[in-house]
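User: Got a minute to go through this one with me? I'd like to start with the ligand surroundings.

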Amino acid sequence: MIAARARGRPEIEWANWKDARPAAAACPTGAISYQDENGRRTVRIDLAKCTFCGLCADVDEAIRMTSVCECATRRREDLETRAVYNLHPDGSHGGMISPPAHATPAQSESLEVLGQKIKERAKEMFGRSLHIRQVDAGSCNGCEMEIVSLNGPVYDIERFGIHFVASPRHADLLLVTGPVTRNMELALKRTYAAVPEPRLVVAVGACGCSGGIFGVNYATRGAVDAVIPVDVYIPGCPPNPWALLHGILLAMGRWPEKADRGRQERETAGAGADAFSPPRNGLPSGCARSKLAPGFRPV
Ligand code: SF4
Ligand code: SF4
């Protein structure tokens with residue numbers, strides 16, 4: 001299990017939250033925000049931007065930091081939680097009008113159970129182990145430190161049949177860190193195109209999910225999904241190995257659906273190839289060229 005002292009997501013006592021303004025002012029990334037309109041306040045917390053720094057919990061007793069790090073989601077919007085409050089004349093919260101829709105995820109099972117699930121799912125889907133290509137698209141290397149830990153003696157994920165590979169052509173899944181720098185944008189697109197379909201993409205960390213503290217600027221494109229399609233988002237800054245494993249397991253759950261969709265698309269197009277067709281003309285079959293940059297050429 002994850003250590004009790006590990007830093008996970010902040011948890012808000014939504015029903016007893018008196019005022020979101022101090023926490024929003026303290027939040028360095030804009031993960032907590034609010035909008036006042038017609039005597040109502042809509043408050044949002046966006047885990048895609050959250051670095052789990054704990055500054056909001058320091059200034060607001062309705063917020064506490066937890067060790068819950070299994071926050072990965074399949075949709076970007078599921079990382080955002082919002083609630084609507086009536087406002088008192090002094091700007092503090094009255095009653096809650098609309099409660100948050102997403103429940104806090106529960107702590108899951110042991111490392112062995114999680115690892116075995118990945119191993120069994122990989123065997124069921126691929127008939128072999130899971131191969132991952134990691135792409136640093138502009139990370140500060142914090143996320144890489146955690147990814148490297150997956151291969152260390154504590155997690156030792158090779159025993160669960162998870163292997164990091166050097167070539168994207170050997171990979172089933174891309175693990176992408178960092179805000180995508182403009183220098184790495186084309187390299188990321190080419191790496192994505194080189195992974196055989198149905199490829200899975202996991203955006204890692206606050207930077208990968210939203211651009212993080214870097215956002216979008218002259219040097220970065222921001223979130224990974226601004227450049228290539230993403231299947232799973234793993235928040236955190238950096239997400240710990242436990243959170244990474246949880247996100248990888250979640251991503252594997254998307255594989256059958258993507259394989260079926262790809263097969264149907266090829267049948268409709270009359271290509272007659274199956275999901276394991278080798279790349280043709282340098283591009284994996286069914287590669288979504290339209291999503292790639294103008295002038296893009298496969299490696
Ligand atoms: S933990 Fe830090 S980044 Fe996350 S909401 Fe709180 S202040 Fe913002
Ligand atoms: S999410 Fe945090 S640790 Fe990961 S690349 Fe961004 S700043 Fe670094």
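Analyst: Sure. By class, ligand 2 has a shell of 7 nonpolar, 6 polar and no charged residues. Here Ala, Val, Leu, Ile, Met, Phe, Trp, Tyr, Cys and Pro count as nonpolar, Asp, Glu, Lys and Arg as charged, and the others, Gly among them, as polar.

User: Is this predicted, and what's the numbering?
Analyst: It's a predicted model: local features need pLDDT of at least 70, side-chain atom pairs count only at pLDDT 80 or more, and totals for chains, interfaces and linings use all residues. Residues are numbered from 1 along each chain as its sequence is written, with chains lettered from A and ligands numbered from 1 in the order in which they are written.

User: Which residues come nearest to ligand 2?
Analyst: Cys140, Gly142, Gly205, Cys207 and Cys237, out of 13 around it. Being near means a C-beta atom, placed from the backbone, within 6 Å.

User: Which helix gives the most to that shell?
Analyst: α6, with 3 residues. Both α4 (142-149) and α6 (205-210) supply at least two. Helices are DSSP runs of H or I, at least four residues, and strands are E runs of at least two, numbered from the N terminus.

User: Switching to the sheet: what's the strand order?
Analyst: β8-β7-β9-β10-β11, an open sheet of 5 strands with parallel pairing. Strands pair if DSSP finds at least two bridges between them.

User: Why is one side of β8 left without a neighbour?
Analyst: β8 (162-164) stands at an edge with a single partner strand, so one side has no neighbour in the sheet, and β11 (232-234) is likewise at an edge.

User: How many bridges between β7 and β8?
Analyst: 3, in the parallel sense, with β7 covering residues 130-136. Ile132 has Phe164 in β8 as its bridge partner.
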